[in-house]
Amino acid sequence: MSELAAFWSYLSEGPLLWLALTLAAYVVGDACFRWSGRKPWVNSVLIAVAILAAILWGTGTPYGTYFEGAQFVHFLLGPATVALSLPLFDNLNRLRRATLPVVAALIAGSATATGSAVAIAWALGAGPTQLASIAPKSATAPVAIGIAERVGGAPTLTAVLVILTGIVGAVAATPLLDALGIRDWRARGLAVGIASHGIGTARAFQVNTTAGAFAGLGMALNAIATAFVAPLVLWLFL
Amino acid sequence: MIHALLALLTCQLAGEAIGRALAVPLPGPVIGMLMMVGLFLAVPRFAEFMRPTTQGILGNLSLLFVPAGVGVVGHISTLGAQAVSLLIAVVVSTVLSIAVGAGVFVAVARLTGAGDE
């Protein structure tokens, strides 16, 4: 074995290389986003994921090995969710004044997210397991997986659909809401948080801190709402 | 920064414990988030103490989804024979949900006079 190959096998087995590459890929994705003039379709998560998937595929590295390093980043999702409490606290007064619109948007947004996903998948011929897996896809990942298990879905499939939903929401929200002429940052943020959980919330923070705070709130509220809406919608279709 | 991180982890830990003990259908971090809002309300100075660290984390929130995103690429085959149907359902329903949610918010805010500022 050449020295280079020995060095590679040493590095690729440990967490250091994969942690460094995860941060590097994100830095590249974020730089692309800035160079593009902060265009919503230049999504830094999507670019970083594409770069890392290509590296894993090119080097024949299993995901488990990659995750040994990436888990340190992944772990921070929990503390980051707790950290959403600060923008929520900062916006508590405007939130109190908007209680009715928030509740109405939550019910409408959550029912649309679950109802239309199940209806479309059903119309296109998806089976009962797939319908149960797609129903909670707008909730944040741990909640969605918990609900999917309860209603007879496949947890891995739900995890994939949840992440895809987040990326779709993050990419589509700005052009969609601009086209609809909706300028209220509270409405924009809340709707994105309800429809596309944390990834949508991360995108909302890139645009506006009020939108970010309402997105974090939308994500938290829809985690609760989906637990009720998903079984109800599935009962209609199964 | 270490104290702020400790506070975040403690709220998350308490959230996990409460979620388990009371069988609440919410993940520990979300319960922890609600608890920390309660702490900020009780001690507003605590919010200023937490601000630098939380802003640092939330400013790079996107980064934290990268490992899970890479995992999805490897599991894309679990979409199976229905991949196209499921993708159409995800895209259309997400776009519809954002439009309906934001539209309903604006309409109800106008009806109830819940304008901003």
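**Exercise 1. How much space lies in the largest cavity, and which residues line the largest cavity?**

*Solution.* Keep in mind as you go that this is a predicted model.

Step 1: Start with the search. Scanning the whole structure turns up two cavities of 30 Å³ or more.

Step 2: Take the largest cavity. It holds about 90 Å³ of space.

Step 3: Pick out its walls. The lining is made of Ala173(A), Thr174(A), Leu177(A), Trp185(A), Arg188(A), Val192(A), Arg203(A), Ala204(A), Val207(A) and Ala211(A).

Step 4: Sort those residues by type. You get seven nonpolar, one polar and two charged.

Step 5: Match them to helices. In chain A, helix H11 (155-180) and helix H12 (185-207) each supply at least two residues of this lining. The largest share, six residues, comes from H12(A).

**Exercise 2. Work out what surrounds the second largest cavity, and which domains of chain A contribute to its lining.**

*Solution.*

Step 1: Get the volume. About 40 Å³ of space lies in the second largest cavity.

Step 2: Find the lining. From chain A come Asn43(A), Ser44(A), Val45(A), Ala170(A), Ile199(A), Ala202(A), Arg203(A) and Gln206(A), and from chain B comes Ser62(B).

Step 3: Look for the helices. Helix H3 (44-59) and H12 of chain A are the elements that give two or more residues here. H12(A) gives the most, with four residues.

Step 4: Sort by type. This lining splits into four nonpolar, four polar and one charged.

Step 5: Bring in the domains. Domain 1 (3-75) and domain 2 (84-237) of chain A each provide at least three residues of the lining.

**Exercise 3. Asp178(A) and Arg188(A) meet in a salt bridge. Which helices hold the two residues, and is Arg188(A) buried or exposed?**

*Solution.*

Step 1: Check the distance. The N to O separation for Asp178(A) and Arg188(A) is 3.0 Å.

Step 2: Place the partners. Asp178(A) sits in helix H11 of chain A and Arg188(A) in helix H12 of chain A, so the salt bridge ties together parts that are 10 residues apart in sequence.

Step 3: Look at accessibility. Arg188(A) has a relative accessible area of 8%, so it counts as buried.

Step 4: Link back to Exercise 1. Arg188(A) is also one of the residues that line the largest cavity.

**Exercise 4. Trace the salt-bridge network that Arg51(B) belongs to.**

*Solution.*

Step 1: Get the overall count. There are five salt bridges over all chains.

Step 2: Follow Arg51(B) to chain A. Arg51(B) pairs with Asp90(A), with the closest N and O atoms 2.9 Å apart. Arg51(B) lies in helix H3 (residues 44-58) of chain B and Asp90(A) in helix H6 (residues 85-90) of chain A, so this pair joins two chains.

Step 3: Follow Arg51(B) within chain B. Glu48(B) also forms a salt bridge with Arg51(B), and here the closest N and O atoms are 3.0 Å apart. Both residues lie in helix H3 of chain B, three residues apart, which is about one turn of the helix.

Step 4: Join it up. Through shared partners, Asp90(A), Glu48(B) and Arg51(B) form one network.

Step 5: Check accessibility. Asp90(A) is partly exposed at 40% relative accessibility, and Glu48(B) is partly exposed at 47%.

**Exercise 5. How is chain B divided into domains, and what distance separates their centres?**

*Solution.*

Step 1: Find the bounds. Chain B is divided into domain 1 (1-59) and domain 2 (68-117).

Step 2: Read off the separation. Taken over C-alpha atoms, the centres of these two domains of chain B are 27 Å apart.

Conventions. Residues are numbered from 1 along each chain as its sequence is written. Chains are lettered from A and ligands numbered from 1 in the order in which they are written. This is a predicted model: local features need pLDDT of at least 70, side-chain atom pairs count only at pLDDT 80 or more; totals for chains, interfaces and linings use all residues. Side-chain values use heavy atoms; hydrogens and water are left out. On a 1 Å grid over the protein atoms alone, a cavity is a set of points where a 1.4 Å probe fits but cannot get out, and a pocket is an open set with protein on both sides within 12 Å along at least five of seven lines; lining residues have an atom within 4 Å of a point. Grid points are joined across faces, edges and corners, and a volume is the space filled by probe spheres set on the points. Ala, Val, Leu, Ile, Met, Phe, Trp, Tyr, Cys and Pro count as nonpolar, Asp, Glu, Lys and Arg as charged, and the others, Gly among them, as polar. Domain bounds come from an automatic or database domain assignment. A salt bridge is a side-chain nitrogen of Lys or Arg within 4 Å of a carboxyl oxygen of Asp or Glu. Buried means under 20% relative accessible area, exposed over 50%, partly exposed in between (1.4 Å probe, protein chains only).
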